[in-house]
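Here's a friendly walk through one structure, with a student asking and a tutor answering. Have a look at it before reading on.

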Amino acid sequence: MESLTCKNCRRRTYVAPGKQQNRCHGCQKALSVGSINGAAFFRTTKQWRVEIEKKKSEAKLLYQSLGKKFSNSNNQHRQIGSPSPSIITPEPLPRGKRAFLCGVTYKKQKFELKGTAHDVKNMRDLLVEQFSFRKESILILAEDESFMPPTRKNIEDAFQWLMRSIQSGDSLVFYFSGHGLRQRDHHGDEIDGFDETICPVDFQTNGMILDNYINQAIVRSLIPDVTLHAIVDSCHSGTVLDLPHVHNINTGKWDDNRPPSGAFKGTSRGRAICFSACEDYQLAADTSVFSPEKEMTGAMTCTFIRAIKSAVANGQNLTYHGILDSMHKTLKQAHKSGCLRAGIHRVFHRKILQDPLLSSSEEFSIITEFKL
């Protein structure tokens, strides 16, 4: 008995041998055996099987072709000098000063950033030229052939690299330039009810990195006489390290940011200090207003570097207060002149006001000398 499929309702109808016409059991359309005219075209069971096998063969050939294409692409990428696929290596790590810099551009995505590539380069130059970091002691993740990509896994591996085998006296730096978001806190350890996050290049498929994870990865294990400085240029980055003390620039005092849940967010008697682009509820901007060459940079990164270079050039004492105050003044002036917009480059909102924030694992005098 032949089996026919109605084109109109897709229901299968069985036709007795030798019968040339039948009606669909579903929509009652007339079906003509062997005819393709009219509104109800069908294929017999045998014809369906032949076509399915044909499609399977075509799909197999396409899969094999794509496999060879991507295999060749990966081989070519490795041949042009890309770093090893693994960040965690058994090689001895640099002693003393160590930095992990991460810039995420989100190339060919609707929220692509223009300034992060410049941000990473400028921050690396600052560390090398101003604070005597060796180039081999700086790990960079960026969307550039010279570096490994800033995927979630690579960022998490880089956190391990930064913290591995640390010793008393080490100075560590974590820098991030990219998108930041926030989401509802379900553990009761956020005063405002939101977790802050950073967004790897693959965050849409592999997820964001939460402040809880960052705190556990690079804050908790800081041992005595080891200092971590984090500089985070992203939206909602105020307490992205979940540090228990936040400096209030209006009162000049430290506000208590310890979790309501009582969860421990401190160190193992080391010190963590973070400069953030803005408050948790604020947005951060990319801009060219601070660059003579009109290149796009993160507003926070640019004003942070400018504050340091200006103090050094003018023979002033380089302090946490001086850096923070200079950043605030520069950003406010840019906002008043209408030059600073977050726009499509960093967020999808109108002109905003961002207030850089200083947080720490312990209270200290911010007129203390800043050094890395």
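The chat below is about a predicted model, and it goes through some helix contacts and some strand pairings.

Student: How are helix α6 and helix α7 set relative to each other?

Tutor: Start with the axes: α6 (residues 299-313) and α7 (residues 320-336) come within 9 Å and cross at roughly 125°. Angles over 145 degrees would count as roughly antiparallel, and 65 to 115 as roughly perpendicular. This crossing falls in neither range, so the two helices are oblique to each other.

Student: Which class of residue has eight members in the contact of α6 with α7?
Tutor: On the α6 side you'll find A299, M300, T303, F304, R306, A307 and I308, and on the α7 side I323, S326, M327, T330 and L331. Sorted by class, three are polar and one is charged. The class with eight is nonpolar.

Student: And α2 with α6: are they roughly parallel or oblique?
Tutor: The axes of α2 (residues 116-131) and α6 come within 10 Å and cross at roughly 25°. Angles under 35 degrees count as roughly parallel. So α2 and α6 are roughly parallel.

Student: What is the handedness of the crossing of α2 and α6?
Tutor: Look at where they touch: D119, N122, M123, L126, Q130 and F131 of α2 meet T301, F304, I305, I308, K309 and V312 of α6. Those residues divide into seven nonpolar, three polar and two charged. As for the sense of the crossing of α2 and α6, it is left-handed.

Student: On to strands. Which strands stand at the edges of the open sheet of three strands?
Tutor: The order is β8-β9-β10, with antiparallel pairing. An edge strand here has a single partner, so one side of it is left without a neighbour in the sheet. That picks out β8 (180-184) and β10 (209-210).

Student: Which residue of β10 does I198 stand opposite?
Tutor: Strand β9 (residues 194-198) and β10 run antiparallel and are joined by two bridges. Follow β9 to I198, and across from it in β10 is I209.

Student: How many of the six residues of β14 are buried?
Tutor: Check its partners: β11 (residues 227-233) runs parallel to β14 with six bridges, and β17 (residues 357-360) pairs with β14 in the antiparallel sense over four bridges. β14 (residues 271-276) is largely enclosed by the rest of the structure, because the number of its residues that are buried is five.

Student: What is the bridge partner of S276 in β17?
Tutor: On the β11 side, I231 has F275 of β14 as its bridge partner. Over in β17, the partner of S276 is L357.

Methods:
Residues numbered from 1 in each chain as written. Predicted model: local features only at pLDDT ≥ 70, side-chain atom pairs only at ≥ 80, totals over all residues. Heavy atoms only, no water. Axes fitted to C-alpha atoms, helices over the stretch in contact; angles between N-to-C directions. Contact = heavy atoms within 4.5 Å. Nonpolar A, V, L, I, M, F, W, Y, C, P; charged D, E, K, R; others polar. Left-handed = near helix turned anticlockwise from the far one by under 90°. Pairing = 2+ DSSP bridges. Buried < 20%, exposed > 50% of the residue type's maximum accessible area, 1.4 Å probe, protein only.
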